[in-house]
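Grab a coffee and open the structure in your viewer. Below are some short exercises, each with a solution worked step by step.

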Amino acid sequence: MSAFKRDKKEEEDGGGLPFQNIEKSAVLQEARIFNEASVNPRKSTAVLTKLLYMLNQGERLSPKEATDVFFAMTKLFQSRDLVLRRLVYMGIKELSTMAEDVIIVTSSLTKDMTGKEDMYRAGAIRALCSITEAGMLPSIERYMKQAIVDRSPAVSSAALISAMHMTWFAAEGVKRWVNEAQEAVLSDNIMVQYHALGLLYRIRRADRLAVSKLVARLTRLSLKSPYAVCMLIRIAAQLIEEEGADSGSPHFQYIEACFRHKSEMVVYEAARAVVNLERTTSRELAQAVSVLQLFCGAPKATLRFAAVRTLNQVAIAHPAAVTACNLDLENLITDSNRSIATLAITTLLKTGAESSVDRLMKQIATFVSEISDEFKVVVVQAIRALALKFPRKHSSLMNFLSAMLRDEGGLEYKASIADTIITIIEDNPEAKETGLAHLCEFIEDCEHTSLAVRILNLLGKEGPRTKQPSRYIRFIYNRVLLECPSIRAAAVSAMAQFGASCPDLLPNIQVLLARCQMDSDDEVRDRATYYSHILARQDTSLYNRYILDTLQVSIAGLERALREYLDGEGARPFDMLAVPVAPPPQAAELDAKPRAALAKPPPTREDNFAERLSALPELQALGPLFSSSEPVELTESETEYVVRCVKHSYARHLVLQFDCLNTLNDQLLEDVRVQVEPGEGYSVAAVLPCPSLPYNESGSAYVVLQFPEDLPSSVATFGALLKFVVKDCDPATGLPDVEEGYNDEYMLEDLEVTLGDQIRKLGKANWGAAWEEAEGLFSEMEDTYALTSMTSLEEAVTNIVKFLGLLPAERSDKVPKGKTTHTLLLAGVFRGGVDVLVRAKLALADGVTMQLTVRSQDEGVAELITSAVG
Amino acid sequence: MGLFQRLANFLGVRKKDVNVLVVGLNNSGKTTVVNSFKSEDDRITDIVPTVGFNVERFQNQNLAFTAFDMSGHGRYRDLWEHYYKNCHGIIFVIDSSDRLRLVVVKEELDLMLQHPDICQKKLPILFFANKMDCKEALSSVKIAAALGLDKIMDKPWHISASNALSGEGLQEGVEWLTQQIREMLSVKS
Ligand SMILES: Nc1nc2c(ncn2[C@@H]2O[C@H](COP(=O)(O)OP(=O)(O)O)[C@@H](O)[C@H]2O)c(=O)[nH]1
Ligand SMILES: [Mg+2]
């Protein structure tokens, strides 16, 4: 009786998850029954299922554990139980990457795949391919070729798909099965035909001409399988893009002909391909859009969904064509399928006029709670685009967003809303106060730590500059009382910013910080103590340096510098200047990857270069790497030798890294070096050749130069010549025919060393304060220029920022609409750690006039900048 | 499970399942030996070198044999040991015409006999001095001497000269093995 009760209870608790609490060691223990002399299929099936479930949950086995259980499992081959055997195939696939000597089952599997039992064959093929290494391919080739053309569609498909997987590691071997694949592509079975095309394409993918021939041949054949036709359309569309072809191309004509195909799937695929092509004329577009329009009214929800989703995706690129479907989209707003309705509305929002915004937003509000996060993100993105397009609508959009913020939702969704609010605030000063208010309200009840921390940082940055900063303090201090340590720490930092920027709030802030010094968490206490001491000094320059400006170094660089310091056992004091600086992430980058911004920053390009360069003994005396330029091409594309240059600046040296690629298959290059004709004042300190450069490989040669003492000469143009020893070789083997090579050289394009190469961007949270502080302390240079080639303030701003390589502060790179004057504020560091602040006052009148004021710790640097612009 | 099998189980006349391991160097004829134990219709016509192992079934008297036919290629010999546990007997096939590799055979045999999963047990070992039809084939007596079989004290063993292609000698050997396994099982139970 009691046992019965317990069973009953377990059943209720289990909630349909039979393997909820399984444990690795227990499962491995149970798997020993596989070793028993006579197999018990029922028990073994249960244990193997459990094992597979566990592996699929992400459990990892050590190589020994995996190998043991794998070999135990191979003994199950003695049972002929159908279900068990198919589970064994799955087990082999799962364990093939973890266990050793998995090829032991090769013969057993080839026997199954060629045997009489049809139920075994497809599974055996898939398992076989998962255990076969490139070197073992010949031993199964015969069976695979047979299987590809097998009369059973399941077997043929399994072989084709497996072959496709094998091209990843044995492309050459699989190529030999192309005849069989070509036979399979003629199959009557729609899946086999589709899979065969997939394999043929995979085999030829790298060779555009071969792909083109394949498409030409198959388009004439009129394939039976709609899946294959869809794939052919995709391949054809890709060819059109790659060849830069137009509507005259036979590939395009094929796609167009598919508009009349009897399968809806194919018709849709053709329309999708056309609207996504980069170069389409309005006529071609109209035809494709009218197909999608028709599908918008289709009875099948999948078709409506596909059509509206595609229209949504191309709405920004082809607004005019999509507006043609407005009526149909309006009809879909009330579609019972919420995903379709969402896409319809957001498409209308993307293309619609300002007047329709309110109406559409009201529509969305009626069902936003019913759609999944994924679609909510689509809505948020549409709102962001709208807010940027119609700044006057900010209050109704902002209200909508804040309502969405209050709803349930995952991190990605919430982060996309917060990102959008932040973007709106940054773009539109009028929206700032309301936006911040919404965010304050949101962090009162936010379960995502990373998001709360971000918003607190934003409040610390923006709050002090609002009309009434004090109103934000309460929201921030509430976090200190209620949240986890990382949020409390962020709140402490935010409060300190108010203390540093708003003198009348300082006494209150000090009281709050004093309370925080009693916090139970180390980090929170440390921050509070740190800030409280700095604020007690009442010194604005300290505030600027240690509270308002955050540490702008590359994290990986800092880590490396600290490690070196510890290895040196503190013989010398730690030098912060030796750490490469890194600018704060730009708004544009955050926009592109809102999620990445939440994660740990990856090592920057500079960090990677620094690693690589510090490995060269000749460069170790140069000190830390200051900055690295984007690569510059020094050869035309498609020449015999391809050379690109990356310019690395050190405090006093310039290292030119020449990445060279040898595209001649009958030449081996040796002792590859670049001879530069440096500008005046430069001196060559070292030349590091690349010892050997075989065909199709790239290698790097370096030239180390010392910068001229006279700063203005550092901006210069260098001549460059590639020199090397050629050894002719046999294209087939790549081995040289001769012992002795001959000298040869190759002219490269001139290389420019610019101002930007010697400067790094630096963020200044409070640029104004830094500018004032620099007055008198720094050297100042000023000059006025006429930028005749510029026709707008925006254009001037973009060019100046790019030319000087400095970071715009206080969002001064955004020029408000309709203005004729603008002030651009910039900050950065010159190599050697010299601070640079630049103010550019711009006025639009027949071109742009600019008054440029430079303040820098070093007079020479200030002069260099003013002279470089002129 | 078919009705007849279930009935047979119920009556206790179910055939006993036993596992045997078939080992030996590559090309000695293991797969051919196992193939000739199978019923006419199940036999395969073209035998290719085994990669890894194959499981085959055959019957002798009322024992149902499951044979693990292992690959004898150098690369796979280390893997035999995974199958030593829980087997009831071993068939060791030797190419009696391959005089050169007889030392390798001895080495592999000794390794196997020393393995912890084998050395403790009283497993019967059946040796086939196979390819007896070849001109240069050594007699089973000479092979037994070359391998030092007389030093195996703790396990029953037997050597038969055989021709796996014609089937000659196989029956005699497998009957001995069946007998041994049957005895072993009855002692245990
Ligand atoms: N002449 C002769 N050839 C045999 C005999 N047994 C096997 N063979 C041949 O030897 C080769 C190897 O046989 P196989 O069974 O694959 O050996 P395994 O590697 O031990 O499995 C095949 O060509 C067989 O036909 C035999 O008794 N006499
Ligand atoms: Mg074999």
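## Exercise 1: an aromatic cluster

F68(B) has a relative accessible area of 5%, so this residue is buried (buried means under 20% relative accessible area, exposed over 50%, partly exposed in between, with a 1.4 Å probe and protein chains only). Before going on, note that this is a predicted model, where local features need pLDDT of at least 70 and side-chain atom pairs count only at pLDDT 80 or more, while totals for chains, interfaces and linings use all residues. Residues are numbered from 1 along each chain as its sequence is written, chains are lettered from A and ligands numbered from 1 in the order in which they are written, and side-chain values use heavy atoms, with hydrogens and water left out.

**Task.** Which ring pairs involve Y83(B), one with F53(B) and one with F68(B), and how is each arranged?

**Solution.**

1. Start with the total: there are 20 aromatic pairs over all chains. Rings of Phe, Tyr and Trp (its six-membered ring) pair if their centres lie within 6.5 Å; planes under 30 degrees apart count as stacked, over 60 as edge-to-face and the rest as tilted.
2. Take F53(B) with Y83(B): the ring centres are 5.1 Å apart and the planes sit at 45°, so this pair is tilted.
3. Now place the two partners. F53(B) is in strand β2 (residues 53-60) of chain B and Y83(B) in the loop between α3 (74-77) and β4 (89-95) of that chain, so the pair ties together parts 30 residues apart in sequence. Helices (H or I, at least four residues) and strands (E, at least two) are DSSP runs, numbered from the N terminus.
4. Check the burial: F53(B) is buried at 0% relative accessible area, and Y83(B) is buried at 2%.
5. Move to F68(B) with Y83(B), a tilted pair with 5.6 Å between centres and 35° between planes. F68(B) belongs to strand β3 (residues 63-70) of chain B and Y83(B) to the loop between α3 and β4, so parts 15 residues apart in sequence are tied together.
6. Zoom out: ring pairs join F53(B), F68(B) and Y83(B) with F70(A), F71(A) and F77(A) in a cluster.

## Exercise 2: the magnesium ion and ligand 1

**Task.** Which protein atoms are donors to the magnesium ion (ligand 2), and which residues are closest to ligand 1?

**Solution.**

1. The protein donors are OG1 of T31(B) and OG1 of T50(B), lying 2.0 to 2.1 Å from the magnesium ion. Donors are N, O and S atoms within 2.8 Å of the metal (3.2 Å for Na, K and Ca); water is not among the atoms, so sites may look incomplete.
2. This pair links distant parts of the chain, with T31(B) in helix α2 (residues 30-37) and T50(B) in the loop between α2 and β2, 19 residues apart.
3. Both sides check out as buried: T31(B) at 17% relative accessibility and T50(B) at 14%.
4. For ligand 1, count 16 surrounding residues, the closest being N27(B), K30(B), T31(B), T32(B) and A164(B) (a residue is near a molecule or strand if one of its heavy atoms lies within 4 Å of it).
5. Then look at oxygen atoms of ligand 1. A backbone N or O atom of G29(B) is 3.0 Å from one, a side-chain N or O atom of K30(B) is 2.7 Å from one, and a polar side-chain atom of T31(B) is 2.7 Å from one.

## Exercise 3: a covered helix

**Task.** How many residues of helix α6 of chain A are buried, and what covers them?

**Solution.**

1. Helix α6 (residues 106-114) of chain A is mostly covered, with 7 of its 9 residues buried.
2. The buried ones are T106(A), S107(A), S108(A), L109(A), T110(A), D112(A) and M113(A).
3. Their cover includes α5 (82-95), α7 (118-131) and α8 (137-148) of chain A, plus β2 of chain B. 

## Exercise 4: two positive phi angles

**Task.** Where are Q538(A) and N696(A), and are they buried or exposed?

**Solution.**

1. Recall that most residues other than glycine have a negative phi.
2. Q538(A) has a positive phi, near 55°. This residue is in the loop between α30 (522-536) and α31 (540-548) of chain A and is exposed at 61% relative accessible area.
3. N696(A) has a positive phi near 65°. Its loop runs between β7 (690-693) and β8 (698-706) of chain A, and N696(A) is exposed at 52% relative accessibility.

How values were computed
A polar contact is a pair of N or O atoms within 3.5 Å; within protein, one must be able to donate a hydrogen and the other to accept it, and residues adjacent in sequence count only if both atoms are side-chain atoms. Contact means heavy atoms within 4.5 Å.
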